Amino acid sequence: MLTNKTVIITGASSGFGEAIALACAKMGWKVCLGARRVPKLEALCKIISDTTKGSAVFHELDVTCQKSVADFSQFTITHCKQIDGLINNAGLGLGKDFIRDANEKDWQTMYETNVMGVMRITKAFLPLMEKQRYGHIVNIGSIAGHEAYEGGAGYCGTKFALRAFTKALRQETFGKNIRVTSIDPGMAETEFSNVRFSGDTDKAKAVYKDMTPLSAKDIADLVVFALSRPAHVNIDELIVTPTAQVSATRVFRQSKSKY
Ligand code: NDP
Ligand code: 8X3
């Protein structure tokens, strides 16, 4: 087992980020957590120190704000001797309206978070990885970065853009001993749909009705798998869907779903 890894995780206050933090800490690694909801990060750090052999530090982070990204990276560099992994996970979908009805502010927030946020954070930590001459950047994309669907012009656009960024990053880090991975999930039950539908829990629950979605732990397992491959192995892109989802919009539903 690899010990002494240090992994930065954005959006660690819920869903995938929280599960990735726990899974890394269970490997005995140190995690550095960022998100806007600081009490959630604080509670997660306590769980990590009480239940795992890893360790955790946290700092408030809003990836849409350059000053917040600068403060977070300064904190990380002060508290971590080296950085082995950076998991660009913070992100969100807002609304599922058709283009003619969509809210421009929602589009802006999605682009600021899912695209500019990842670019800002990566730019902040890349020089350190280049200096170390090692590191692994894992971006959490989406099936929405491979297929556009009705009501997804804004969100799918951000994930397509993120995929382009990830591919350019892989080219630019070539020869520098830095690995770059995109993990692109389909439907997973987290706070994602609650956020997308502004807290309308009925609408959020309906997304996963009569099918078994991915869990946050399913994604965390893949992140740990990618991070723990031998140094010469780079997993470029992983698309992962529930068995009952064959494309972004084609989902097999049956009551008492077994798979
Ligand atoms: P959650 O809503 O459970 O988690 C999203 C996380 O992102 C939260 O920790 C939230 O923290 C953080 N976040 C949002 N905005 C910001 C911000 N401005 N600055 C810092 N952190 C922020 O959803 P998921 O875990 O499902 O989503 C994680 C990633 O996975 C996202 O990029 C999403 O697009 C992607 N994804 C999700 C899928 C799904 O079906 N669930 C499928 C494919 C991809 P806080 O609010 O505390 O800041
Ligand atoms: C979230 C998955 O299918 O709602 O990235 O776009 S989907």
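**Figure 1. Helix H6 gives the largest share of the lining of the largest pocket, four residues.** This is a predicted model, in which local features need pLDDT of at least 70, side-chain atom pairs count only at pLDDT 80 or more, and totals for chains, interfaces and linings use all residues. Residues are numbered from 1 along each chain as its sequence is written, chains are lettered from A and ligands numbered from 1 in the order in which they are written, and side-chain values use heavy atoms, with hydrogens and water left out. At least two lining residues each come from helix H1 (15–26), helix H4 (104–132), helix H5 (153–173) and helix H6 (192–196). Helices here are DSSP runs (H or I, at least four residues), strands are runs of E (at least two), and both are numbered from the N terminus. The pocket has a volume of about 1100 Å³. In total, 48 residues line the pocket. Nearest its centre lie Gly91, Leu92, Gly93, Tyr155 and Phe192. A pocket is an open set of points on a 1 Å grid over the protein atoms alone, with protein on both sides within 12 Å along at least five of seven lines; a cavity is a set of points where a 1.4 Å probe fits but cannot get out; lining residues have an atom within 4 Å of a point. Points are joined across faces, edges and corners, and a volume is the space filled by probe spheres set on them. By class, the lining holds 21 nonpolar, 18 polar and nine charged residues. Ala, Val, Leu, Ile, Met, Phe, Trp, Tyr, Cys and Pro count as nonpolar, Asp, Glu, Lys and Arg as charged, and the others, Gly among them, as polar.

**Figure 2. Ligand 1 takes the space of the largest pocket.** A molecule sits in a pocket or cavity if more than half of its atoms lie within 2 Å of its grid points. The ligand is surrounded by 29 residues. Closest are Ser13, Phe16, Arg36, Tyr155 and Thr190. A residue counts as near a molecule if one of its heavy atoms lies within 4 Å of it. By class, the shell comprises twelve nonpolar, twelve polar and five charged residues.

**Figure 3. Backbone atoms of Leu61, Val63 and Gly186 make polar contacts with ligand 1.** A polar contact is a pair of N or O atoms within 3.5 Å. For Val63, a backbone N or O atom lies 2.9 Å from a nitrogen atom of the ligand. For Leu61, a backbone N or O atom is 3.5 Å from a nitrogen atom of ligand 1. At Gly186, the partner of the backbone N or O atom is an oxygen atom of ligand 1, at 3.5 Å. On its own, ligand 1 has 880 Å² of accessible area, and the protein covers 95% of it. Accessible areas come from the Shrake-Rupley method with a 1.4 Å probe.

**Figure 4. Ligand 2 also sits in the largest pocket.** Around ligand 2 are Ser142, Ile143, Ala144, Tyr149, Tyr155, Phe192 and Arg196. By class, this shell has five nonpolar, one polar and one charged residues. The side chain of Tyr149 places an N or O atom 2.5 Å from an oxygen atom of ligand 2. Ser142 has a polar side-chain atom 2.6 Å from an oxygen atom of the ligand. For Tyr155, a polar side-chain atom is likewise 2.6 Å from an oxygen atom of ligand 2. Taken alone, ligand 2 exposes 240 Å², of which the protein buries 86%.

**Figure 5. The largest cavity holds about 100 Å³ of space.** The structure has two cavities of 30 Å³ or more. Lining the largest are 14 residues. Leu94, Gly95, Asp97, Ala102 and Trp107 lie nearest its centre. H4 and H5 are the elements that give two or more residues to this lining. H4 gives the most, with three. By class, the lining has five nonpolar, five polar and four charged residues.

**Figure 6. The second largest cavity has a volume of about 40 Å³.** Its lining consists of Gly141, Ser142, Gly145, Lys159, Leu162, Arg163, Ser182 and Asp184. H5 and strand S6 (178–185) each supply at least two of these residues. H5 gives the most, with three. By class, the lining divides into one nonpolar, four polar and three charged residues.

How values were computed. Polar contact = N/O pair within 3.5 Å; in protein donor to acceptor, adjacent residues only side chain to side chain.
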